[in-house]
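Student: Could we go through this protein together, one question at a time? I'd like to see how each answer is reached.

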Amino acid sequence: MSEQRIVETLAALTAGPTPYGHEQATARRLAGWGRATWPQLDWRVDPLPVSAEAPHSANLVATAQLGSGAPELLIYSHLDTSLTGAAEFDEPVTGTSGGAAGPCPVGGFRRSTEPDGATLVSAFGLGVARAAAASALVGFTTAADALRAAGRPHRLTLLLAAAGTHRYHPHGDQPSGVLHHLDRHPPPAAAVVAKTGPAGVLTAEPGAMFLRVRLSTAFHPVLARESAVPPGGMLAHLGTVIAALEEFRCRHLADRADPTAPVGAELGIGAVRAGQPGKPDLLPGRLDLYLYLVTVPGDDPARIRAGLHTALTAALAGTPLAGCGVAVDGQLVHPAAATGADAPIARHAADAWAAAHGTPPSPVTGWTGSTDGVVLRGRGVPTVRLGPPSRGPDPTDPRLDRYAIADLVRFADIYTDIALRHAGASTR
């Protein structure tokens with residue numbers, strides 16, 4: 001496996017920003033580069049339906065096939081990044097407004113050398129999920145070339161999908177790139193999700209759910225704050241609400257604690273909204289708190305919503321917030337799902353890991369990260385997730401992720417190996 005090929009792929013992937021809903025430019029750039037580099041493969045851009053939230057969204061799909069009837073292997077990662085490179089969206093999350101770091105360099109990547117001689121690359125969006133996507137693309141093309149050269153029947157698909165990160169849609173579901181693809185093609189025989197994760201092969205992943213807690217009260221101006229309900233306005237008592245939510249979190253996690261389970265639960269407050277910034281002389285009549293819930297097998301979304309409402313109502317009953325309305329809404333994005341450890345794709349991934357690392361993958365327990373692997377498993381597709389490890393943020397700019405080129409090469413080799421094993425070809 002060539003380090004240069006990884007570097008070239010990273011350059012193509014990181015040449016520009018790929019924010020959610022605007023992935024089409026990157027998909028077209030990669031498709032053009034792929035056709036020029038591997039003309040024997042089929043590269044195409046598959047636009048998603050246009051919406052206000054996603055006006056320029058598209059998947060990149062590449063296929064390699066020889067013969068007919070071979071079981072399809074889907075190698076999946078995604079194009080969009082959680083952050084966008086635009087200050088308006090990113091700064092409320094990153095807390096960075098420029099300063100010494102300056103504007104976020106969303107195009108290209110940097111190289112550095114560690115004291116041990118390892119070559120690192122740092123760039124915007126490598127963690128979600130450009131580093132793993134680069135390894136997936138190189139692994140896919142290498143496997144396709146090897147299988148064609150051997151005359152081995154095969155069917156491989158690379159899907160770098162749009163809208164691949166879980167996101168809350170208050171006005172209804174926005175279709176993800178992987179669902180768009182699955183709705184238009186027969187399900188593959190197996191899938192590999194290329195994304196950074198634990199030091200092992202994930203065959204089970206938790207689900208994801210969004211919750212919105214809303215407190216409401218009557219209109220009052222700041223000048224009449226003592227007559228407001230609650231006195232001083234709801235924001236003056238925000239700490240009371242957060243404490244109640246944290247208490248609910250502790251009980252929720254304790255009820256699901258299992259040190260032997262492959263997946264674990266989690267709950268956190270990710271956003272708070274109230275009032276109008278342009279009219280701070282008016283006390284907010286509505287306070288919204290947005291939570292992300294990691295679900296485990298057996299979780300009932302309706303029961304969780306009801307339990308949270310009951311817990312909040314009870315916790316606020318003896319406080320100044322007792323007179324406020326309380327509502328809890330939620331969206332289950334996807335439930336937790338698992339692939340059997342004896343599934344062929346799980347064995348292929350474990351064997352490829354062992355061949356590359358010299359030791360079998362360690363068992364994974366308590367994993368709380370959810371990806372589109374749950375989408376694929378929900379459609380009945382046996383799926384594994386594995387990807388190159390992050391080397392942490394760039395010390396000169398924490399908005400940039402760092403990866404070792406050697407790790408990216410190793411995982412490209414692993415993805416190639418899995419594809420060869422899936423096709424029944426020799427891995428030697």
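What follows is a chat about helix packing, cores, cis bonds and a few single residues in a predicted model.

Student: Let's start with helices. How are two packed helices described?

Tutor: You need two things for a pair of packed helices. They are the angle between the axes and the distance between the axes.

Student: Okay, take α8 and α10. Is their crossing oblique or roughly antiparallel?

Tutor: Helix α8 covers residues 344–357 and helix α10 covers residues 405–422. Their axes come within 9 Å and cross at roughly 140°. An angle has to be over 145 degrees to count as roughly antiparallel. So α8 and α10 are oblique.

Student: Which residues of α10 does α8 meet, and how many in the contact are charged?

Tutor: From α8, the contact includes I345, H348, W353 and H357. On the α10 side, the residues are R410, F411, I414, D417, I418, R421 and H422. Sorted by class, the contact has nine nonpolar residues and three polar ones, and the charged ones number four.

Student: What about α4 and α10: what do we call that angle?

Tutor: The axes of α4 and α10 are 7 Å apart, and the angle is about 45°. Roughly parallel would need an angle under 35 degrees, and roughly perpendicular runs from 65 to 115. The angle fits neither, so the word for α4 against α10 is oblique.

Student: And which hand does the crossing of α4 and α10 have?

Tutor: The residues that meet there include A131, A136 and L147 in α4, with L408, F411 and Y415 among those in α10. By class, this contact has 13 nonpolar, four polar and no charged residues. As for the hand, α4 passes α10 in a crossing that is right-handed.

Student: One more pair! How do α6 and α7 sit relative to each other?

Tutor: The axes of α6 and helix α7, residues 301–316, come within 10 Å. They cross at roughly 135°, and the crossing is right-handed. An angle has to be over 145 to be roughly antiparallel, so α6 and α7 are oblique.

Student: Now the inside. Which helix gives the most to the largest nonpolar core?

Tutor: The largest nonpolar core has 62 residues, and W43, L73, L156, L158, L386 and I418 touch the most other members. Helix α4, residues 126–150, supplies twelve residues, the most to this core. So the name you want is α4.

Student: Which residues does L158 touch?

Tutor: Leave out anything up to four places away in sequence. The partners of L158 are then W43, L60, V61, A62, I75, A136, L137 and F140.

Student: How many residues does the second core have?

Tutor: There is a second core, separate from the one we just discussed. Its members include M209, V241, A244 and L287. The count is 24 residues.

Student: Where are the cis peptide bonds joining V128 to A129 and V229 to P230, and what are their omega values?

Tutor: Most peptide bonds are trans. One cis bond joins V128 and A129, and A129 is in helix α4. The other runs from V229 to P230, with P230 in the loop between β10 and α6. Omega is about -10° for the bond of V128 and A129, and near 0° for the bond from V229 to P230.

Student: Is Q276 buried or exposed?

Tutor: Q276 is in the loop between β11 and β12. Its relative accessible area is 56%, and the cut-off is over 50%. So Q276 is exposed.

Student: What class does S112 fall in?

Tutor: S112 is in strand β4, where it touches A118, T119 and L120, not counting residues up to four places away in sequence. Its relative accessibility is 31%, while buried means under 20% and exposed over 50%. So S112 counts as partly exposed.

Student: Last one: how many Å separate the C-alpha atoms of R35 and A62?

Tutor: R35 lies in helix α2 and is partly exposed at 42% relative accessible area. R35 and A62 are 27 residues apart along the chain. Between their C-alpha atoms, the separation is 9.6 Å.

Conventions
Residues are numbered from 1 along each chain as its sequence is written. This is a predicted model: local features need pLDDT of at least 70, side-chain atom pairs count only at pLDDT 80 or more; totals for chains, interfaces and linings use all residues. Side-chain values use heavy atoms; hydrogens and water are left out. Axes are lines fitted to C-alpha atoms, for helices over the stretch in contact, and angles run from 0 to 180 degrees between N-to-C directions. Helices (H or I, at least four residues) and strands (E, at least two) are DSSP runs, numbered from the N terminus. Contact means heavy atoms within 4.5 Å. Ala, Val, Leu, Ile, Met, Phe, Trp, Tyr, Cys and Pro count as nonpolar, Asp, Glu, Lys and Arg as charged, and the others, Gly among them, as polar. A nonpolar core is a set of buried Ala, Val, Leu, Ile, Met, Phe, Trp, Tyr and Cys residues joined through side-chain atoms within 4.5 Å. Buried means under 20% relative accessible area, exposed over 50%, partly exposed in between (1.4 Å probe, protein chains only). A crossing is left-handed if the near helix is turned anticlockwise from the far one by less than a right angle, and right-handed if clockwise.
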